Amino acid sequence: MEEVAEVRGQGSGVSGQQSETMLEGLAEWTDYQLKIQAFNSIGAGPWSNTLTTHTKESVPSGCPVNVSVEAVSSTRILVTWSPVPEMQRNGPILGYKVLYAVKDCVGAPSVWSVPGERSVSVLLGELLKYTVYQIQLVAFTQLGDGPPSPRTLHRTKDDVPGPPVRLLFPEVRLTSVRVVWQPPPDPNGIILGYQIAYRLDAGDPMRFTTVEVGSTARQFTVSSLTGDQAYVFKLTARTSQGWGRAQEAVVITTERRERPSPPRKLSVPQGEIQSRRLRLHWVAGLTGSSPLRYYCLQTRELPTGDWTSHSADIPHNYTAWTVERLKPFTSYKLRMLATNDVGDSNYSKETETVITLQDVPEEAPVIVSVKPSTTTSVLVQWQRPSEESVNGVLVGYRLYYRELPVNSTPSTVPLEDMANNTTTRGDITALTSFKTVSSASLTEFELTQLKKFKCYEIVMTTYNIVGESPPSEPATVSVGEAAPSLPPQSIRVVPVSPTVLEVTWDLPPLHTQNGLIQGYKIHYWQGDRQNETEKVTVVFVPDTRVRLVNLTCYTSYLVTLSAFNVAGDGPPSEPRGAKTLQAAPSQPSFLSFSEVTGWSVNVSWGAPSASNGVVEGYRVVYQPTQPVQGVSRVVTVEVKGSWQRWLKVRDLTKGVIYRFSVQARTVSYGPAAHCNVTSQPLQGTPGSPMEMSVTKSSSALTIHWSEGDAGAGPVIGYIIEARPSDEGMWDSFVRLLPPSSRSVTVEMDRLRSGVGYEFRVIAVNRYGYGEPSTPSTALAALWDRPFYEEWWFLLVLSLIGLIMILMLVFSLLLHGHNHKYRSCSTGKHVSTVEESVTLDNGGFTALELNSRTLNNKSNFHKKNGTRSPPRPSPGLLHYSDEDLCDNYNNGAILTESTTLTEKPADISESEVTDSDCEDDHHPKHSFVNHYMSDPTYYNSWKRQPKGLKGLSPASGYEECSSADGAEPYYQTVVTQHSTGGAYTPTGLPAHTHTLPLPHTLPHTHTHANPNTNPPGSRTPVTGFSSFV
C-alpha cells in the first residue's frame, strides 16, 4: 500500500526555517515513502530522494471474526474463529486469548491463550457440567491486546448428577423414619427424580428396599421398620443421563436421642500452613445416640471480620480437613460444629490465631508516565498496586528496560511465558537491564546513563520476600530530547461571546523548552465538574492563540496549558479561570394557572431550565384569542427580579379565552412559554354563596353568608373580596377561611375612611374558585377615631412641648447669669456693669461707656500686644497736672514722671501679685501717642490759666475755653498705661489717689469718699476712669 502526503508550509505550519515536521493520521505498522519539496514565491523546487519508512506497530484495532462455539461434552467446548483482518492487525499477531466465564459471574474471566497467528481453534476443557459460559476472543501483539469479539453464550452438555446433600432424619420412631434432603449442588442437568434405598445394617449388603419420588420431593417417611435396629439409607438423584452418585447414612430406630457435642481439640500444625490453604485437625465429640451427619466450618478474618461459613458439608467420618480459598499473609481463627438428626451442636472452641504465609504479588505497578528529564535520562512514574494484591510485605520495585532497534518492536518472548504472565521472570529478564527500587513508598525513579536518540522499552514488577509480580504493560520512550520543563507563560483567558473563550499565551522560556516545541495541549472544563466535562484541544506551532467554542453560556471554566515536543508533554500550567458571557435564557420551564375566576387568574411559571446568566425579570403578555366587542387588547406586564414567578391578573372578561406568554430576561429576552386559559370557573367548582350581608359597628364590620352549591367536591374554604367605590377592581380582602365559616369580623381600620366598599364571598374546592356571591350594598368606612389621633390633639401636644422647651432654655440662661454674679462676688470674675459718663457742659452727654467684661488680660491686650490700661476709681485718685500741663504746653510727650501713688490704708500688701511685675515688661500704651499725633487733640490738652484751677472741682469735668477767646472746646480724657503713670484731665488740679493694682481691679469695687472731694464738686461716675 502506498500513500502520498503533500506537506505545504502554510497548511501544516512548516516555515522556511524549520527542518522537521510531524505527520499525523498515519496507519500503524505501514510502509510509507516520503519525499520533500521546497517552494518559494516563484515556484516549487525539485523533489528530494524518496525515503522509505515504517510506522511502529500497535495493538490490533480489530478482533477475530466468525467466532463459533460448540459443546463437545459436559466439560469441554470447541471454539473456532477466523483471523483478524489484515488492515486491523497493526503488527504481527502473536496469538489469541479466549476469555471465558460462567454467565453473570462477577469475577474476572478465565484466559486460555492460543499462540500463533495462524491458530483458528481451541478446545476448552475442565468446564462445569451443564453450565452456561460466555466466551470472547482477542488478538494480541507485542504492545497488547486488541478489542474483544462480541460475547457468545453456550452451555456444556448434561451429565449424571452429584449426590444430594443435607441428608437428615429429623423424626425417628421405633417403626418409622422421616428422611429429609436437599438437591445436589452439582445437578449436571435437569433433576428428574430421587430414589430412596434402605436395608438393615446387619442384613445382606446387596439387598435394598427402594422407593422413587418426584423431582420436587424433599422428604419421605419410611415405615414398617423394626425398633432399636440400625438401618442403612442411600439417596440418589437422576437426570436424563442416568442415576448419579448416592448419599449414604445410618440411622437407629430409637426414641432416645439428643444433640451431639461439638468437635474438640481443633489445631493447625505450623508445617501445614501455606499462603492460601491450611490443614485443620480435630477430635469428634459425642454423637448424642444419633449418628453424625456432617460438620460445618466457620472462619473469621482478623482483626475486624465476622464469622462466615466456609465449608458446610464436611463428611461426618473426617477428623481433618484442608481449608482453602484463604488470603495470603492474613490472620484467621476457625471453629466447627457437628450435626446429627436431632440438630446442631454448639460451636467448638476457637483455634489459636493462624497467619497464612506470604505469596508473590498478584499485580504489577501501573506505569503512569515516562518522560525524558535530560538528553540521557528519563523519569518513570507509577502507581503502586493495591494492598490486597501484594500478598505480604511490599519490599520494592524492579524496572526492566532495554534499547529497541530503529523501526522495531519490543523483543519477542516465548508465548508460553506471556500467556502465563511470567515474562519478567523468564527470557525478558535475561535480555534486559534492570534497576531495583528498594523503597515501597516511592512512586517515581529516574533511569540515567541512557543513549541519546535511542528508543527504550520499560516494564515494572513488584516484589516481596517470596518473589516478583507479573510484569506491567510495557512503555516506550525516546531519549535525546526532554519534555519542556515549564508550561507556557502569560496565559490569558478572555470571554468573547456566551459560548466562546479566547486563550492566548507566550512561549515557555527558551532554556526550558528542551528542544523544538511542536505544539500545545489545552485542557478545559467547567469549574467543579472536571471529571464529567474535561476536554482537550491541540494547537500546533506557531499558533499561540485558540478559541474554545461550543461552551455553555455564563459558566465558569478553568483552563490549563502544556507544551509538548518529541520527548513528550511538559508540566501543565496553573488553572486560569474565566466565565462565558450572558445570553438570552431559555423559556420558562412551565406555565400554569390557578385561582381561575370569570374576571381574574393567578399565572405561575417556572424558572428557565438554562438561565444563561442572571435573570433580572420576566415579561408577561396576555390578550384574548378573539376580539372582545371588536377590541383585541394586548397587555404587557414587566415583573422585576427573579424571585417572583407569579402574577395576579384581575382585568379579564368572563368567558373569554386568553393567551398568555411568559419570557425570562437576562441581557435580553429569551423564547416565550405559551398557554391558553378561559376566564370562567372550572367545571366542578362550587356555586355562589347565598344570603350575603354586612353589619357594621363602631370599630368593625361583620360579613355574613350562607352555604351555596358545593360543586363536584366538598368546599375547602371561602375567600372574601372587596371593591372600593373609587376603584373598579375586585381584590382579595380575606384569604381562605375554614369551610365551616359563615361569617367573619374585620377591623374597620383596614379600610380607608370615607370610602364606600362592596364585598362578596367566593367558595373554593379542590377544582378551584367558584362563582362569587351577589355583591353587598356599598358601605362607607366611617369610624370614630380616638381623641389622640385627632389633629387638634397633636397640635396641642406640639404647643405644650414648645412652651416647655422655651421655659427650659430661659431657666438655663437665668441660672447662668446668676452664676456669673456669684463668681464676681467671690473674686473669680469681673462683674458686668453698665457705665455712663455725663459732663456738666450744658446738660448733654459727652461720652458713654457700655458695660464689658474685663479679664486679667483684656481683649485690648490680646489684639494690640499690650496690657489694657488699669481702671482706677476717681474717688481714690489725685490728679496733678502741673508738670503734665507744662510738658503738653511745651509740646513734650508724657513720660514716666507721672506717678501713681498707692494709698497704704486702702490696699493691703497681700494683694500685690506677680501681675504688678508683669506690667513693667509690656510696652507703653500708645493711646496718648495717638492723641499727640493729631494737633486737634494736642491743643485740647493745653494748660488752663491758673486762675481757673481753684475754681474747678478736683473731680469735675467742665467746659474749657482757650486763652485767646477762641471757640470753647470740650474736655477730652486721655489715658496712658505706664508704670506709676497718672490719668489727669487737662485744666484740673492733680489729686493724689490710690490706684488698685491691675490684677485686683476685676475683683474689687472702689467707691470715692465724699469727704475727700471739695464742697460743691461732683463725684465722677463710677468706672469712668479710663477707656476700655
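1. Let's start with a strand pair: strand 14 (residues 177–182) and strand 17 run antiparallel and share four bridges. Strands here are DSSP runs (E, at least two residues), numbered from the N terminus, and two of them pair if DSSP finds at least two bridges between them. Across this pair, Arg 178 sits opposite Thr 221 of strand 17.

2. A word on the source: this is a predicted model, where local features need pLDDT of at least 70, side-chain atom pairs count only at pLDDT 80 or more, and totals for chains, interfaces and linings use all residues. Residues are numbered from 1 along each chain as its sequence is written, and side-chain values use heavy atoms, leaving out hydrogens and water.

3. Now zoom out to the sheet. It is open, has three strands in the order 13-14-17, and its pairing is antiparallel. Strand 13 (165–172) and strand 17 (219–222) are the edges, each pairing on one side only.

4. Next, a glycine in a loop. Gly 203 lies between strand 15 (193–200) and strand 16 (209–214). Gly 203 counts as partly exposed because its relative accessible area is 36% (buried is under 20%, exposed over 50%, partly exposed in between, with a 1.4 Å probe and protein chains only). Its C-alpha atom is 9.7 Å from that of Val 232, and the two residues are 29 apart along the chain.

5. Finally, have a look at Trp 791, which belongs to helix 6 (residues 791–825); helices are DSSP runs too (H or I, at least four residues). Trp 791 counts as exposed because its relative accessibility is 63%.
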